[in-house]
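Subject: Structure handover

Hello,

Here is the structure I promised to pass on. Please open it alongside this note; my findings follow below.

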Amino acid sequence: MSIVVLMAMIVSISAISGCFGGAPPDFRNETEKYDLAVQQYNNAKTLYHQGNYPVAKAEFSAVIRHFQDNKSVFETISKGNYTSKEIYLSKKLVNNADQYSYAAAFYRDAADAAARGDKDYAYAIELNAEEFDQAARLTYEDIREELLPYLHNWK
């Protein structure tokens, strides 16, 4: 099991446990988890473009779960007792999680088709993935500027 999949599982479990009566989610920690999900997505995309389709497919499946968990947490934050800026950013991250999830789903399906040897179909699916990928990346670049004060790793 790759380290990225293991990280996603840990983050998913911690996100879910916070939604079942635990302490309310910490915005700073959740933004860092989201940033890790974006890194995991980029790693999966690299695997895809390197032709490592079976691993890329598994990584994209993990990424989709990760973004859906993040979306759920940020939906909770956007309705909770947080600062107006945290609520505003949470709503933007909910939409961005959907964009990344759609891109990851298309890439996962393209990886599956490519692994089966159907390169033409994989390419057609990849074109859809690239559209969502571009939208997700551009949106996250804008959001990330506003998130920098919340991130410990200030890249």
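H5 has a run of buried residues: Ala-122, Ile-125, Glu-126, Ala-129, Asp-133, Ala-136, Tyr-140, Ile-143, Arg-144 and Leu-147. Their cover includes H2 and H4. On spacing, a general point helps: an α-helix has 3.6 residues a turn, so residues three or four places apart point the same way. Keep in mind that this is a predicted model.

The overall layout is quickly told. The protein chain has 5 helices and 0 strands. Read from the N terminus, the order is α-α-α-α-α. The chain counts 155 residues, and 46% of them are buried. Its exposed surface is about 8100 Å², with 56% of that from carbon and sulfur atoms. Take the contacts between residues at least 6 apart in sequence: 74% of them join residues at least 24 apart.

Now the pairing of H2 with H5. Their axes lie 12 Å apart, and the packing angle is about 150°. Angles over 145 degrees count as roughly antiparallel, so H2 is roughly antiparallel to H5. The crossing of H2 past H5 is left-handed. Which residues of H2 meet H5? From H2 come Phe-27, Thr-31, Tyr-34, Asp-35, Val-38, Tyr-41, Lys-45, Tyr-48 and His-49. On the H5 side they meet Ala-122, Glu-126, Asp-133, Arg-137, Tyr-140, Arg-144 and Leu-147. Several of these H5 residues are also on the buried list, including Glu-126, Asp-133 and Arg-144.

H3 and H4 form another pair. Here the axes come within 8 Å and cross at roughly 160°. The two helices are therefore roughly antiparallel to each other. This crossing, of H3 and H4, is left-handed.

Next, the core. The largest nonpolar core holds 42 residues. Those touching the most other members are Tyr-34, Tyr-41, Tyr-48, Phe-60, Phe-67, Tyr-100 and Leu-147. Four elements give two or more residues each: H2 (27-49), H3 (53-78), H4 (84-115) and H5 (119-147). H4 supplies the largest share, 14 residues. As background, nonpolar side chains in soluble globular proteins tend to be buried together.

Tyr-34 deserves a look of its own. Leaving aside residues up to four places away in sequence, Tyr-34 touches Phe-67, Asn-70, Phe-74, Leu-93, Asn-96, Ala-97, Tyr-100 and Tyr-140. Phe-67 and Tyr-100 are themselves among the core residues named above.

Two more sites are worth finding on screen. Is Ala-44 in H2 buried or exposed? It is buried, because its relative accessible area is 0% and the cut-off for buried is under 20%. Ala-44 touches Ala-56, Glu-59 and Phe-60, again not counting residues up to four places away in sequence. Arg-108 is 64 residues from Ala-44 along the chain, yet their C-alpha atoms are separated by 9.2 Å.

Asn-81 is the other site. Asn-81 sits in the loop between H3 and H4. Its relative accessible area is 80%. Exposed means over 50%, so Asn-81 is exposed. The C-alpha atoms of Asn-81 and Pro-24 are 9.2 Å apart, with their places 57 residues apart along the chain.

Over to you.

Best wishes

Methods
Residues numbered from 1 in each chain as written. Predicted model: local features only at pLDDT ≥ 70, side-chain atom pairs only at ≥ 80, totals over all residues. Heavy atoms only, no water. Buried < 20%, exposed > 50% of the residue type's maximum accessible area, 1.4 Å probe, protein only. Contact = heavy atoms within 4.5 Å. Areas by Shrake-Rupley, 256 points an atom, 1.4 Å probe, with all protein chains shown as cover. Core = buried A, V, L, I, M, F, W, Y, C linked by side-chain atoms within 4.5 Å. Axes fitted to C-alpha atoms, helices over the stretch in contact; angles between N-to-C directions. Parallel < 35°, antiparallel > 145°, perpendicular 65-115°, else oblique. Left-handed = near helix turned anticlockwise from the far one by under 90°.
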